[in-house]
Amino acid sequence: MIEAIYIVYMLLFVVEALLLIQFWVAFKQVSIIADGQFPSVSVLVCARNEELNLRDCLNSLITLDYPQNRIEILVGNDNSEDNTAEIIREFESEFKHIKGVDIEFEKEGLIAKGNVLNQLIDQARYKYQVIIDADMIVTPKWLTYMVSALVDGNDMVSGHTQIRSSNWLTNLQLMDWQIVLHTMKVMADTVRPISILGNNMAFKKKAYDQVGGFRGLGPTDVEDLGLLQQFQKKGLNTIQLINSKGFAYTKPQLTFNELLTQRCRWMNGVFTHHFVLGIPALFARLWVVFASITACFDLTLGALIMIYGLLMNWGKSRSMTLKTRSSNFIFIFEPIIISLLDTLALLRLVFVGKVSWKGRKY
C-alpha cells in the first residue's frame with residue numbers, strides 16, 4: 001500500500017511539474033475585435049434572491065466599453081422571495097436594452113440554473129450568448145474579450161473569474177480559484193478542457209442548438225459541465241480565458257457553511273461527469289489527509305507528500321498571479337486549509353448527499 005501511494009504521488013508530481021511549464025509554453029490568447037466590428041450579443045443573468053448583489057452586477061454591465069446598442073441583457077427572476085423583482089423592474093424602466101424574465105419553476109422537467117438559462121435562451125435574439133451570475137461584477141473589457149473569443153473561432157468560452165481579496169478568508173478563496181483556474185487553463189490549452197465556469201461563460205447559439213442545449217441534458221444541477229461535454233462530443237472548439245483585463249469578480253463566500261456547500265457542488269460535478277479524472281484529483285486535493293496517514297507508517301513519504309502539496313499549489317497560484325498581474329498574499333498554511341476543506345466537503349457529500357443551489361437541495 002505504501003509503495004502504491006508513493007508511485008501515485010511521484011506520478012502526480014511529475015505530471016503537475018510538466019503542467020506548470022506548459023502553462024507558460026502553450027498559453028493561448030485571443031485576437032481582440034477591432035473597433036467598429038462589435039457583433040450583437042445577448043447577456044443572460046440568472047437571479048434568485050439576489051437583492052444584495054444584482055444592482056452591482058447590472059451597474060457593471062451598463063458601464064461596459066462594449067457598445068450598449070449591440071447588447072441585450074435578459075435577467076431571469078427565478079421565483080425570488082426578496083426584492084430581486086423590484087430591482088429588475090427598476091433597471092428595465094431606465095434602460096431599454098434590459099429585460100426581466102419571470103422564470104417558470106422546473107419547466108419541461110429542468111431544474112436549478114439549467115432551467116433558468118433554458119428559458120432565457122429561448123427569448124434571446126442574438127447568435128452570441130454570454131452568461132454571467134447575478135453575484136458577479138464585470139470589468140469594462142469583460143464582454144469584449146468574451147465575444148472576441150467566439151469571433152476568433154471558438155464555439156464555447158469559459159471566462160476568467162477572480163475573487164476580490166480583502167481578508168484572510170477571501171484571500172484563501174482567491175488562492176483556491178487561482179489553483180483551479182491554472183489547471184483548467186493548462187488542460188484546455190494542451191489537451192482538452194476538463195471543466196468550465198458556469199458563472200462566466202459564453203457560446204454560439206448555433207452550436208448550442210446543435211448539441212440540444214439544456215433540454216438535451218435533462219434535469220441536472222451541474223448544467224455547465226454537462227453542456228461542455230456535449231460540445232466536446234460534437235468536436236466543437238472551446239477555450240479557457242485568462243487575462244489581466246477582461247475578467248469578472250465573483251463575491252466570496254462569507255461563512256464556513258457557504259464555503260463548504262460551494263465545494264460540495266464542485267465535487268459533485270467532478271464525480272458526476274469526470275469520474276476517471278476524479279480519482280487523481282482526489283489524491284491531488286486531499287493530499288493533507290494522505291500525508292498525515294502515511295506519516296504514521298513512513299515519515300519520509302508523509303513529508304514528501306506534504307512538500308508536493310505545498311510546492312504545487314504555491315507554484316500554480318504564483319503563476320496565475322504573474323500572468324494576470326494581480327496580487328495575492330500567499331501564506332504557508334493556505335494550501336493546507338484548502339485541502340482540509342475539500343476533505344470535509346467530500347465527507348459531507350458522502351454522508352449527506354444532497355447539493356444545495358440558491359437555497360434548494362438536489
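How much space lies in the second largest pocket? In this predicted model, about 240 Å³ of space lies in the second largest pocket, and the views that follow look at this pocket and then at several strands, helices and single residues.

**View 1. The lining of the second largest pocket.** Rolling a probe the size of a water molecule over the atoms shows where empty space is left. The second largest pocket has a lining of 14 residues, and those that lie nearest its centre are Q29, Y145, I242, N243 and S244. When the residues of this lining are divided by their chemical character, they give 6 nonpolar, 3 polar and 5 charged.

**View 2. The open sheet of 7 strands.** Strands of a sheet pair through backbone hydrogen bonds, either parallel or antiparallel. The open sheet of 7 strands shown here has the order 3-2-1-4-8-6-9, and its pairing is mixed. Its edge strands are strand 3 and strand 9 (238-240), each of which pairs on one side only. From one strand to the next, the twist in this sheet averages 20°. One parallel pair in the sheet is formed by strand 2 (residues 71-77) and strand 3, which are joined by 5 bridges; within this pair, N77 has D102 of strand 3 as its bridge partner.

**View 3. Strand 8 and two of its pairings.** Strand 8 covers residues 200-204 and is mostly covered, with 4 of its 5 residues buried. Strand 4 (residues 128-133) runs antiparallel to strand 8, and 5 bridges join the two; in this pairing, the bridge partner of I132 is N200 in strand 8. Strand 6 (residues 156-158) also pairs with strand 8 in the antiparallel sense, here over 3 bridges, and S158 stands opposite M201 of strand 8.

**View 4. The open sheet of 3 strands.** In this open sheet the strands follow the order 5-10-7, with mixed pairing. Strand 5 (136-138) and strand 7 (161-163) are the edge strands, and each pairs on one side only. The twist of this sheet averages 35° from one strand to the next. Strand 5 and strand 10 (residues 248-250) are paired in the antiparallel sense over 3 bridges, and along this pairing V138 stands opposite A248 in strand 10.

**View 5. Helix 4 and its surroundings.** Helix 4 (residues 112-123) is largely enclosed by the rest of the structure, because 10 of its 12 residues are buried. The buried residues of helix 4 are A112, K113, G114, N115, V116, L117, N118, Q119, L120 and I121. The loop between strand 3 (98-102) and helix 4 contains E108, a residue that has a positive phi of about 55° although it is not a glycine.

**View 6. N49 in its loop.** Where does N49 lie? N49 is found in the loop between strand 1 (41-47) and helix 2 (54-61). Although N49 is not a glycine, it has a positive phi of about 50°. N49 has a relative accessibility of 30%, and it therefore counts as partly exposed.

**View 7. The cysteines C46 and C57.** How many disulfides does the count come to? The count comes to 0 disulfides. The cysteine sulfur closest to that of C46 belongs to C57 and is 10 Å away, which is too far for a bond, given that the sulfur atoms of a disulfide have to be within 2.5 Å. C57 is likewise in no disulfide, with the sulfur of C46 as its nearest cysteine sulfur, 10 Å away. C46 is buried, with a relative accessible area of 6%, and C57 is buried too, with a relative accessible area of 0%.

**View 8. H182 and L19.** Is H182, at 1% relative accessibility, buried or exposed? H182, a residue of helix 6 (residues 168-190), counts as buried, because its relative accessibility is 1% and the cut-off for burial is under 20%. Although H182 and L19 are 163 residues apart in sequence, they are 9.1 Å apart in space, C-alpha to C-alpha.

Note on methods
Residues numbered from 1 in each chain as written. Predicted model: local features only at pLDDT ≥ 70, side-chain atom pairs only at ≥ 80, totals over all residues. Heavy atoms only, no water. 1 Å grid on protein atoms, 1.4 Å probe; cavity = no way out; pocket = protein on both sides within 12 Å on 5 of 7 lines; lining within 4 Å. Points joined across faces, edges and corners; volume = space filled by probe spheres on them. Nonpolar A, V, L, I, M, F, W, Y, C, P; charged D, E, K, R; others polar. Buried < 20%, exposed > 50% of the residue type's maximum accessible area, 1.4 Å probe, protein only. Pairing = 2+ DSSP bridges. Axes fitted to C-alpha atoms, helices over the stretch in contact; angles between N-to-C directions.
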